[in-house]
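Open the structure in your viewer and switch to a cartoon view. Keep the selection tool ready, since each stop begins with something to select.

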Amino acid sequence: MLTPEENERLTRVGPDTPMGAMLREYWLPACRAAKVEAEGAPERLRLMGENFVAFRGSDGRLGFIAEACPHRCASMALARNEGDGLRCIFHGWKVGSTAGAWIRPPSRPSGASVSPPMCR
Ligand code: FES
């Protein structure tokens, strides 16, 4: 029989929990790949208490990023798929499919590095 504390420890899978940290070490099925169309609208997903969006670029590569825009936390499920990344509809910042890398924030010169704030 589990104690309430053990049960809590084993059943919580959020990002700051022991089981959440362990489960994030493994691959998880998130959605059917065929459901994410090239240059189609982003697909909203919820996994282990966190919201994400999946999208496919014009080259067929799959992108998977946090739903919250790193700029001001707007939903990237509303973003426009421009083939090489998602452009947030609020301020126009664009996020690529490679680990959520910025392609080019509109207010920064080309090639400038950006450290976006974390939205939680
Ligand atoms: S909230 Fe997305 S670019 Fe500002």
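The tour below goes through a predicted model, one selection at a time.

**Stop 1: the sheet of β1, β2 and β3**

Select residues 43-47, which are β1, and residues 62-66, which are β3. Then add residues 50-56, which are strand β2. Together these strands form an open sheet in the order β1-β2-β3, and the pairing is antiparallel. β1 and β3 are the edge strands, each pairing on one side only. From one strand to the next, the twist averages 30°. Strands of a sheet pair through backbone hydrogen bonds, in either a parallel or an antiparallel way.

**Stop 2: the turn between β1 and β2**

Keep β1 and β2 on screen; they pair in the antiparallel sense over 5 bridges. The two strands form a hairpin with 2 residues between them. Now select M48, which lies in the loop between β1 and β2. What is the sign of phi at M48? Phi is positive here, about 45°, although M48 is not a glycine. Is M48 buried or exposed? M48 is partly exposed, because 15 other C-beta atoms lie within 10 Å, and a buried residue needs 20 or more while an exposed one has 12 or fewer.

**Stop 3: from β2 to β3**

Move along to β2 and β3, which pair in the antiparallel sense over 5 bridges. They form a hairpin with 5 residues between them. Select G60 in that turn: its phi is positive, about 90°. Two bridges can be picked out by residue. R56 has L62 in β3 as its bridge partner, and V53 has I65 in β3. On the β1 side, R44 stands opposite V53 in β2.

**Stop 4: F52 and the nonpolar core**

Select F52 and show what surrounds F52. Which residues does F52 touch, leaving out those up to four places away in sequence? They are L45, L47, F64, I65, A66 and E67. Next, select V36, F52, V53, F55, I65, C69, M76, A79, L86, C88, W93 and V95. These 12 residues make up the largest nonpolar core. Which strand gives the most to this core? It is β2, with 3 residues.

**Stop 5: C73**

Select C73, in the loop between β3 and β4, where β4 is residues 80-81. C73 is not a glycine, yet its phi is positive, near 70°. C73 is partly exposed, with 15 other C-beta atoms within 10 Å.

**Stop 6: the sheet of β4, β5 and β6**

Select β4, then strand β5, which is residues 86-87. Add β6, residues 94-95. These 3 strands form an open sheet in the order β4-β5-β6, with antiparallel pairing. β4 and β6 stand at the edges with a single partner strand each, so one side of each has no neighbour in the sheet. β4 and β5 pair in the antiparallel sense over 2 bridges. To see one residue pair, select R80, whose bridge partner in β5 is R87.

Technical notes
Residues numbered from 1 in each chain as written. Predicted model: local features only at pLDDT ≥ 70, side-chain atom pairs only at ≥ 80, totals over all residues. Pairing = 2+ DSSP bridges. Helix = DSSP H or I, 4+ residues; strand = E, 2+ residues; numbered from the N terminus. Axes fitted to C-alpha atoms, helices over the stretch in contact; angles between N-to-C directions. Core = buried A, V, L, I, M, F, W, Y, C linked by C-beta atoms within 7 Å. Contact = placed C-beta atoms within 7 Å.
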